[in-house]
Amino acid sequence: MAAKKKKAGYMPARKNDPEGVRARFLDVAAELFQSRGYCATGMQAIFEAAGVTAGAFYHHFVGKKDLGLTVIEERVAVEVEQTWIAPVREAKSTLEGVTAVFKNIAAQLEARSAVRGCPLNNLTLELAFADPEFQGSLARVFANWQSEIEAKLKQDMNEQLLPRSKPGPLAAYIIAVYSGAMALCKVQQSPAPLLQCLPELRERLAP
């Protein structure tokens, strides 16, 4: 059934643009899963928000679960890369990178009218226990995130910017602090918890 209305500024995708149609479904689904949750988002809502037919959807995806797994791999993982991994990787030190990430995200939350939380954390809390395929997909994103921070910590230790310690647990600690702070930001509808946790985290990462 053709969509009857357009939402979120989306224009109907051209029928001769299959990759554009696929990307539209992923963008719309990622947004709806973040704002409503995976389970609360019906397929009709996705069709209408994307402005694309159900037939076009099933040309690209087996069903909602296939769409959800692809959103994790091609949207959520990419956001973690752009928001967290790349800034830390490119910074002079883990301390500098983590500080920049916390401050940037706090500024983004301050600019928005509502704090919806971290997309990865939201989907993890909703789906990781309920479905092993979702659990595996989400776990891979976390594992890559941790390994990238661990590599940066090793580099800092080799350059004597940090004392020698086990970088793996420290990387996990950084992610846990951020994830917990984001949960508090969501329940308080404020970026304050991020900024409250940052000084303690900076002290742990200081030379």
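This dialogue walks through ring contacts and the largest pocket in a predicted model.

Reader: Let's start with the aromatic rings. How many aromatic pairs does the structure hold?

Author: There are 14 aromatic pairs in the structure. Take Phe25 and Phe61 as an example: their ring centres are 6.4 Å apart and the planes meet at 85°. Planes over 60 degrees apart count as edge-to-face, so this pair is edge-to-face.

Reader: Which parts does the pair of Phe25 and Phe61 tie together?

Author: Phe25 belongs to helix H1 (residues 18-35), while Phe61 is in the loop between helix H3 (54-60) and helix H4 (64-90), so the contact joins parts 36 residues apart in sequence. Both Phe25 and Phe61 are buried. Look around them, too: ring pairs link Phe25, Phe47, Phe57, Tyr58 and Phe61 into a cluster.

Reader: Which charged end sits over the ring of Tyr38?

Author: That is Lys64, whose charged end lies 4.4 Å from the centre of the Tyr38 ring.

Reader: Now for empty space. What is the volume of the largest pocket, and which residues lie nearest its centre?

Author: Here is the general idea: rolling a probe the size of a water molecule over the atoms reveals where empty space is left. In this model, the largest pocket has a volume of about 560 Å³. Its lining has 27 residues, with Gln34, Glu79, Arg112, Arg116 and Pro119 nearest the centre.

Reader: Which elements give two or more residues to that lining?

Author: They are H1, H4, helix H5 (94-111), helix H6 (119-127) and helix H8 (167-188). H4 supplies the largest share, 7 residues. By type, the lining divides into 16 nonpolar, 5 polar and 6 charged residues.

Technical notes
Residues are numbered from 1 along each chain as its sequence is written. This is a predicted model: local features need pLDDT of at least 70, side-chain atom pairs count only at pLDDT 80 or more; totals for chains, interfaces and linings use all residues. Side-chain values use heavy atoms; hydrogens and water are left out. Rings of Phe, Tyr and Trp (its six-membered ring) pair if their centres lie within 6.5 Å; planes under 30 degrees apart count as stacked, over 60 as edge-to-face and the rest as tilted. Helices (H or I, at least four residues) and strands (E, at least two) are DSSP runs, numbered from the N terminus. Buried means under 20% relative accessible area, exposed over 50%, partly exposed in between (1.4 Å probe, protein chains only). A charge sits over a ring if NZ of Lys or CZ of Arg is within 6 Å of the ring centre and within 35 degrees of the ring normal. On a 1 Å grid over the protein atoms alone, a cavity is a set of points where a 1.4 Å probe fits but cannot get out, and a pocket is an open set with protein on both sides within 12 Å along at least five of seven lines; lining residues have an atom within 4 Å of a point. Grid points are joined across faces, edges and corners, and a volume is the space filled by probe spheres set on the points. Ala, Val, Leu, Ile, Met, Phe, Trp, Tyr, Cys and Pro count as nonpolar, Asp, Glu, Lys and Arg as charged, and the others, Gly among them, as polar.
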